[in-house]
Amino acid sequence: MKKLDKNAKTAFLNYGLVAVFFVAVEIMMATGVMTNSFKGQLIPIISYVIMALALNLVVGISGELSLGHAGFMSVGAFTGVIVASSLQDSIGASPLRLLIAILAGALTAAIAGIVIGIPVLRLGGDYLAIVTLAFGEIIKNVMNCMYVGVDSKGLHMSLMDANSLGMEPTGRMILNGPMGATGIKKISGFIAGIILLLIVLVIIQNLVGSRTGRAIKAIRDNRIAAEASGLNVTKYRLIAFVTSAAIAGSAGVLYALNYSTVAPKKFDFNTSILVLVFVVLGGIGNMTGAMIAAAVLTVLPEMLRQFQDYRMLVYAIVLIVVMIATNNEKVKALFAKKEKGEAKANG
Amino acid sequence: MADKKTPVLETKHLGIDFGGLTAVDEFNIEVEHGEIKGLIGPNGAGKTTIFNLLTKVYKPSRGMILLDGTDTQGMTPEKVNRAGIARTFQNIRLFDKLTVEENVKIGLHNHINYSSIEGVLRLPRYWSEEKKAHEKALELLDIFEMSDMAGDVAGSLPYGAQRRLEIVRALATEPKLLLLDEPAAGMNPSETEELMNNIRKIRDEFGIAIMLIEHDMKLVMGICENIVVVNFGKIIAKGTPAEIQSNDDVIEAYLGKRKG
């Protein structure tokens with residue numbers, strides 16, 4: 001039972017962390033110390049924290065590598081924008097519209113996850129990394145030539161150009177090729193973001209703590225033994241991957257509906273790697289670490305704007321340093337000792 | 001359970017080739033319910049390959065494997081386990097980063113009844129089933145007096161305890177036939193002695209058949225009711241421990257031809 005308590009403790013620590021962040025931001029807003037640039041960062045921070053949690057489910061818990069999670073974010077984002085824009089006139093209440101958009105974004109991203117996952121996850125090895133890398137690029141290019149508009153007759157779609165949509169003159173463009181979504185009504189809000197983040201945390205932590213999560217971790221640790229113990233390996237890898245894709249999709253919706261324009265190139269390979277950096281820096285499999293890393297690394301570039309040119313360089317260096325440090329026997333031994341000491345102190 | 005007379009495991013003309021090399025050929029055995037059977041032979045004789053065939057890690061090139069009278073053809077390792085064969089591995093394969101208790105719970109996995117959704121929403125069935133699994137896991141660990149290690153990370157256990165945990169995990173899947181691949185490897189004489197008693201205890205309490213590969217002859221001769229000897233992928237002798245000990249072919253396989 002001691003172990004169960006430890007898991008529950010980390011879970012509550014994570015909920016607490018979100019609560020503290022929420023309260024701190026609310027206080028800053030009430031007292032007026034909140035700068036405008038930080039205020040504009042709130043939704044991106046939450047979106048990237050959710051992305052980090054989603055990717056950690058694949059990389060940390062399931063032990064697979066995904067190099068195209070921005071692709072799922074993109075699928076979710078543009079689905080969300082299309083849904084929210086086309087419901088603009090029929091559903092007045094923006095929280096309800098946001099909810100429907102998030103659900104739709106999560107659903108399409110999940111479908112994309114299933115389409116990729118079913119063939120790839122039957123194979124062992126690192127195929128997932130290669131295929132997700134390709135997926136991210138393909139989605140970016142498809143979105144780059146996607147034109148969607150809405151008029152009184154309904155939705156129009158084309159992969160050619162805006163004219164071939166054949167819309168009525170009163171029609172409204174939603175997606176405009178490489179320019180992406182324009183004229184989005186901002187309906188994401190800070191409180192909605194916090195609620196989504198909490199729901200995502202509940203889903204991931206409860207999943208990992210259940211029979212399903214145990215099976216996913218067992219397959220990560222030893223696939224052959226997992227099969228010999230009667231686990232359906234493909235099924236559990238797929239559950240982890242599709243759940244992660246759906247969550248990434250919902251993060252994309254939250255992100256996109258916070259801006260008036262979003263271009264497809266926002267969700268490119270660099271974004272995928274950025275999210276991977278959050279996960280690696282936070283400690284693979286460590287949800288608390290991933291959340292903190294995502295928040296800090298989203299805010300930091302904004303604060304270090306004058307050193308923008310060196311940002312990617314610093315990322316590379318930090319990644320290498322962290323990898324060396326976490327694989328260093330001495331550092332590991334130090335942490336092991338500390339943990340043992342804590343366990344003794346508790347027991 | 002099927003008719004008592006049907007053997008729990010029967011193989012007919014079982015064989016496998018790797019390229020041009022015939023690793024196992026004409027392997028015919030029967031394992032009765034509740035029997036402890038030994039599988040011995042010199043290094044490289046094909047013993048572990050036979051286990052891998054029985055659990056479908058390898059696909060047989062020819063022959064049949066009947067489990068309780070049912071053909072296992074086309075089954076995956078996962079299905080074979082559900083059908084009733086559990087195993088341990090020569091080179092230990094635990095879920096290193098999971099705790100001892102979680103390792104056993106993976107064995108119990110298919111006997112824990114709640115869906116992923118129920119787990120995420122923490123519905124009542126999650127709590128009752130997890131509680132049941134927790135108690136069952138401790139009960140199984142008690143066979144080897146390991147329940148006080150339940151919270152330890154499996155990868156950090158001493159070697160002997162890891163071997164025992166593998167057996168517990170295999171038992172948790174509720175098999176009809178348990179395959180043990182060198183269970184006493186790396187154990188000292190007193191640990192081996194204890195393991196022998198435990199293997200007997202498992203057979204008596206669970207009423208399952210056990211087939212084991214082992215190089216420790218004291219253990220093999222001590223607990224196996226029947227022994228199969230293989231060399232170069234073929235059976236060279238079958239019989240009781242006494243018969244095997246005096247079999248000329250077996251002596252030759254292990255020690256070489258007598259000179260003069």
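**Exercise 1.** Which residues does Ala52(A) touch, not counting residues up to four places away in sequence?

*Solution.* Keep in mind that this is a predicted model. Start at Ala52(A) and skip its sequence neighbours up to four places away; what remains is Val275(A), Phe278(A), Val279(A), Gly282(A), Ala290(A), Met291(A), Ala293(A) and Ala294(A). Next, look at the setting: Ala52(A) is listed among the residues with the most contacts inside the largest nonpolar core, along with Val49(A), Ile50(A), Leu53(A) and Val81(A). That core has 173 residues. Over in chain B, it draws at least three residues from each of domain 1 (1-84 + 175-260) and domain 2 (93-173).

**Exercise 2.** Work out how helices α3(A) and α4(A) are arranged.

*Solution.* Step one: find the helices, residues 69-86 for α3 and 94-120 for α4, both in chain A. Step two: take the geometry, an angle of about 140 degrees with the axes 8 Å apart. Step three: angles over 145 degrees would count as roughly antiparallel and 65 to 115 as roughly perpendicular, so α3(A) and α4(A) come out as oblique to each other. Step four: add the handedness, which is right-handed for this crossing. Finally, check who makes the contact: α3(A) supplies residues including Phe72(A), Gly76(A) and Val83(A), while α4(A) supplies, among others, Ile100(A), Ala104(A) and Thr108(A).

**Exercise 3.** Find which element gives the largest share of the side of chain A that touches chain B.

*Solution.* First get the totals: 23 residues come from chain A and 31 from chain B. Then list the chain A elements that give two or more residues: α1 (2-31), α6 (190-208), α7 (211-221) and α8 (223-228). Now pick the winner: α7(A), with seven residues.

Technical notes:
Residues are numbered from 1 along each chain as its sequence is written. Chains are lettered from A and ligands numbered from 1 in the order in which they are written. This is a predicted model: local features need pLDDT of at least 70, side-chain atom pairs count only at pLDDT 80 or more; totals for chains, interfaces and linings use all residues. A nonpolar core is a set of buried Ala, Val, Leu, Ile, Met, Phe, Trp, Tyr and Cys residues joined through C-beta atoms within 7 Å. A residue is buried if 20 or more other C-beta atoms lie within 10 Å of its own, exposed if 12 or fewer, and partly exposed in between; C-beta atoms are placed from the backbone. Domain bounds come from an automatic or database domain assignment. Two residues are in contact if their C-beta atoms, placed from the backbone, lie within 7 Å. Axes are lines fitted to C-alpha atoms, for helices over the stretch in contact, and angles run from 0 to 180 degrees between N-to-C directions. Helices (H or I, at least four residues) and strands (E, at least two) are DSSP runs, numbered from the N terminus. Angles under 35 degrees count as roughly parallel, over 145 as roughly antiparallel, 65 to 115 as roughly perpendicular and the rest as oblique. A crossing is left-handed if the near helix is turned anticlockwise from the far one by less than a right angle, and right-handed if clockwise.
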